[in-house]
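Student: I'm new to this one. Can you walk me through it, one feature at a time?

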Amino acid sequence: MLSEKMYELGSRRSVIREIFEYAKKRSAEIGPENVFDFSLGNPNVPAPAKVEETIRGLLDTCDPVVLHGYTSAQGDFGVRDTIAKSINRRFGTRLTADSLYMTVGAAASLSICCRALTVPGDEFITFAPFFTEYRVFVEAAGADLVVIPVREKDFQIDLDEFEARIQEHTKGIIINSPNNPSGVVYSEDTIQAVCGILSRKEKEYGHPIYLIADEPYREIVYDGIKVPYLMNYYKNTLVCYSYSKALSLPGERIGYIAVSPDMEEERRVYAAVCGAGRALGYVCAPSLFQRVAAACVEETSDLSVYQRNRDLLYASLTEYGYECIRPDGAFYLFVKALEPDANAFYERAKKYELLLVPGDDFGCPGYVRIAYCVKTEQIINALPAFQKLAQEYGKNI
Ligand code: PLP
């Protein structure tokens with residue numbers, strides 16, 4: 001006997017991975033330049049030069065036994081101290097090294113938070129469209145995921161629906177801004193309203209309701225838009241951050257959890273985070289890349305490429321007759337499929353070698369996601385295919 005749940009997770013790849021694998025196979029058949037793979041959020045902009053310089057410097061100057069050795073379970077003290085001070089400088093918080101727990105990226109941060117907080121019968125709420133893996137992390141921790149349907153007019157949060165779904169066993173909410181897959185940044189008004197509702201409901205039920213802020217795209221924003229730092233709005237906040245996206249280090253697996261110093265029973269929550277990391281067998285985050293993260297704490301890769309890609313893709317697709325929300329951040333465009341079934345639309349797009357991701361698993365049927373963290377050249381080359389596809393549906397002829 002084995003765990004059917006784990007068997008199912010392991011044998012059925014996520015839709016995104018499935019399409020990514022298809023793209024590799026198709027590229028081998030017809031050449032990568034003829035396949036327009038927009039499936040995966042894998043940054044195509046290299047990490048800044050400082051990352052490589054730091055790695056070389058660390059290899060040259062550090063005692064290898066220390067550099068490649070275990071760090072404290074929560075991460076090297078100096079690394080956490082540097083990152084805490086940087087967050088305080090940028091967002092006016094008062095974190096210390098002991099507010100931070102280093103992780104192997106945001107996926108681990110989220111899994112650890114869910115595991116640290118869940119008791120049987122708990123629910124977490126999230127907002128469509130949402131990162132598909134939330135369901136995996138929440139359910140693996142033994143809780144249920146409740147999804148608030150999208151408010152299609154602006155992709156902000158349906159506050160009435162949200163308030164109505166909070167109940168006695170709501171342990172927390174997971175909020176992701178800039179959002180994968182919509183690219184929307186939740187406005188300060190939305191955030192204030194969400195936090196107001198949470199505070200009222202905490203009082204009503206007499207226990208904390210945690211806000212998990214999933215922020216791997218925090219720095220990837222356009223036209224100078226500001227992303228509210230959620231622990232400044234709500235005390236029971238845990239921030240899950242990752243260096244995968246803005247620093248282009250997704251394969252190196254490095255990120256952190258920041259526990260708000262103002263949280264109720266903050267030391268107990270932090271200890272539970274450490275306990276969940278231990279129970280999940282993480283031991284410690286990669287030692288070398290903890291130090292790289294600290295040395296490059298306020299660096300990003302060249303994010304102007306994403307702005308260029310967004311501008312080009314949004315302007316062209318809307319001109320061809322597609323409808324989509326204009327993203328203010330992340331590197332995804334969420335486009336209304338040109339027929340009700342996004343999976344059928346995905347199949348039609350595939351005939352033009354356009355690989356998009358149907359929105360169903362993001363909790364938003366009828367849409368497709370385009371990951372534009374690709375070379376601008378790929379977008380330029382794909383535009384005629386997008387145009388022909390639109391024409392097939394009678395658009396803009
Ligand atoms: N959260 C969101 C919204 C994401 O889009 C991703 C990755 O695509 C993650 C979390 C996981 O990121 P990481 O590579 O840091 O584990």
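**Reading the loops and the pocket**

Tutor: Let's start with Pro129, which is found in the loop between strand S3 (123-127) and H7. Helices (H or I, at least four residues) and strands (E, at least two) are DSSP runs, numbered from the N terminus. This is a predicted model, where local features need pLDDT of at least 70, side-chain atom pairs count only at pLDDT 80 or more, and totals for chains, interfaces and linings use all residues. Residues are numbered from 1 along each chain as its sequence is written, and side-chain values use heavy atoms, with hydrogens and water left out.

Student: Is the peptide bond from Ala128 to Pro129 cis or trans?

Tutor: Most residues other than glycine have a negative phi, and most peptide bonds are trans. The bond from Ala128 to Pro129 is cis, with omega near -5 degrees. Asn180 and Pro181 are also joined by a cis peptide bond, with omega about 20 degrees. Pro181 is found in the loop between strand S5 (170-176) and helix H9 (188-205).

Student: What is the phi of Ser248?

Tutor: Ser248 has a phi near 55 degrees, a positive value in a residue other than glycine. Ser248 lies in the loop between strand S7 (237-242) and strand S8 (255-259).

Student: Which polar side chains contact the ligand's oxygen atoms?

Tutor: A polar contact is a pair of N or O atoms within 3.5 Å; within protein, one must be able to donate a hydrogen and the other to accept it, and residues adjacent in sequence count only if both atoms are side-chain atoms. Here an N or O atom in the side chain of Asn180 is 2.7 Å from a ligand oxygen. A polar side-chain atom of Tyr217 lies 2.6 Å from an oxygen atom of the ligand, and one of Ser242 lies 2.6 Å from an oxygen atom of the ligand.

Student: How much of the ligand does the protein bury?

Tutor: Taken alone, the ligand exposes 400 Å², and the protein buries 91% of that. Such areas come from the Shrake-Rupley method with a 1.4 Å probe; for residues, only the protein chains shown count as cover.

Student: Which residues come nearest to the ligand?

Tutor: Near means that a heavy atom of the residue lies within 4 Å. Of the 13 residues around the ligand, Ala106, Asp214, Tyr217, Ser242 and Arg253 come nearest.
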